[in-house]
Structures are given as structure tokens and as C-alpha cells.
Amino acid sequence: MNRFRMLFGKKKTMQDAAQADKTAHHEATMQLKGRTIEKTVIPEPGKTILQHAKDHEIDWQHMCKRGTCARCRCQVLEGAEYLEEPTEAEHKRLDPEEFDEGFRLGCQTVVKAPGKIVAQNKTYF
Ligand code: FES
């Protein structure tokens, strides 16, 4: 019996395995809504929301990239549990009520684990 059959059983095929892999990726998606561009991408743990947006050419506003200007502010609509806790810079820049409403700073918010995440860039002006 070859290794593939040992892993997936007699009736499973390579196509079944490929479909299972696709399904797993679909569950771990990141939907990013910029000013005019919205895309769904695969979340990469260790990268910030802003890095994801820039890598995928989403028009996500930003300037300082160190948590002071708040241009990258966004509202996390889904999947906050897949993100690292707010940084000290976010606590200094955002009000407690904003955290309650799901607001974060895109340049500070790091993906912790793959999962379904939805975030929208919402600056103050
Ligand atoms: S780019 Fe300035 S706070 Fe994120």
C-alpha cells in the first residue's frame, strides 16, 4: 500500500485530497474592504492587516505605520479571535468604546491564526 492510500484510505483519490485542501483554505479567508477595493485573501499569521492589504493592492489608508496617525483604523466585523491582542500603541490611540465596537489599527493588528476574518478600513475623516 502506498503512502497516499495509508493516509487517505482505499476509496479516497488525489482529487478528494485536493478538494479537502481547498475547503480548508476557504474556511481561512480574510475579507478586506478598502476605500474602493474589496478583496478576499488567505490570512497569513504574523502579518498585519495593513500588510495584507498592501500585498494585495487594496486601497487601505495609512501613513505612519507605527500606531499614531490612525489612518489605518478599521472595524473588525468578524474573526477578532484570530487576531493578536491590541498593542500598547492601539491602547494609546483608540478609545475603549472603539475597542468595544471592534475598531483596531490595521498597521498594528497582527493575524494570530488562520480563520475567517472580515475587516473594513474606516478612518475618522
Ligand atoms: S498607519 Fe498610522 S496608525 Fe496605522
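Strand β1 has two faces: Met30 and Leu32 make up the covered one, while Gln31 and Lys33 make up the uncovered one. If you step along the strand in this predicted model, you can follow that pattern residue by residue. Behind it stands a general rule: in a regular strand the side chains alternate between the two faces of the sheet.

Let us stay with β1 and look at its partners. On one side, β1 (residues 30–33) is joined to β2 (residues 38–41) by 4 bridges, and the two strands run antiparallel. Together β1 and β2 form a hairpin, with 4 residues between them. You can trace the pairing in the model: Gln31 stands opposite Thr40, Leu32 stands opposite Lys39, and Lys33 has Glu38 as its bridge partner. Now turn to the other partner, β5. Here the pairing with β1 is parallel, again over 4 bridges, and Gln31 stands opposite Val118 of β5. So Gln31 faces a residue in each of two strands, Thr40 in β2 and Val118 in β5. Both kinds of pairing fit the general picture, in which strands of a sheet pair through backbone hydrogen bonds, either parallel or antiparallel.

From here we can zoom out to the whole sheet. Which order do its strands have? The sheet is open, has 5 strands, and reads β2-β1-β5-β3-β4, with mixed pairing. Since β2 and β4 (103–105) stand at the edges and have a single partner strand each, one side of each is left without a neighbour in the sheet. On average, neighbouring strands of this sheet are turned by 25° against each other, direction ignored.

The sheet order is worth setting beside the order along the chain. The protein chain has 5 helices and 5 strands, and from the N terminus on the elements run α-α-β-β-α-β-α-α-β-β. Contacts reach across the chain, too: among those with a separation of 6 or more, 65% are between residues 24 or more positions apart. For an example of a long separation in sequence, find Glu27 and Ile117. They are 90 residues apart along the chain, yet their C-alpha atoms are separated by 9.7 Å. Glu27 belongs to helix α2 (residues 14–27), and Glu27 counts as exposed because 9 other C-beta atoms lie within 10 Å.

Next, look at the inside. Of the 125 residues in the chain, 24% count as buried. The largest nonpolar core has 17 residues, and those touching the most other members are Leu32, Leu50, Ala53, Trp60, Cys72 and Ala119. At least two residues of this core come from each of β1, α3, β3 and β5 (117–121), and α3 gives the most, with 3 residues. Leu32, which we met on the covered face of β1, is a good residue to explore here. Leaving aside residues up to four places away in sequence, Leu32 touches Glu38, Lys39, Val41, His52, Ala53, Ile58, Trp60 and Ala119. Ala53, Trp60 and Ala119 appear in that list and also among the core residues that touch the most other members.

Now follow the chain into the loop between α3 (49–55) and β3 (73–78), where you will find Glu57. What is the phi of Glu57? It is positive, about 55°, although Glu57 is not a glycine. Lys65 lies in the loop between α3 and β3 as well, and its phi is near 60°, again a positive value in a residue other than glycine. How exposed are these two residues? Glu57 counts as exposed because it has 10 C-beta neighbours inside 10 Å. Lys65 has 17 C-beta neighbours inside 10 Å, so it counts as partly exposed.

Finally, a word on how far to trust what you see. The chain averages a pLDDT of 87, and 79% of the residues score at least 70. Over residues 1–10, however, the pLDDT is below 50, and this stretch has 4 contacts in the model beyond near neighbours in sequence. As a general rule, where pLDDT is low, the predicted coordinates should not be read in detail.

How values were computed: Residues numbered from 1 in each chain as written. Predicted model: local features only at pLDDT ≥ 70, side-chain atom pairs only at ≥ 80, totals over all residues. Buried ≥ 20, exposed ≤ 12 C-beta atoms within 10 Å, placed from the backbone. Pairing = 2+ DSSP bridges. Contact = placed C-beta atoms within 7 Å. Core = buried A, V, L, I, M, F, W, Y, C linked by C-beta atoms within 7 Å. Axes fitted to C-alpha atoms, helices over the stretch in contact; angles between N-to-C directions. pLDDT = per-residue confidence, 0-100.
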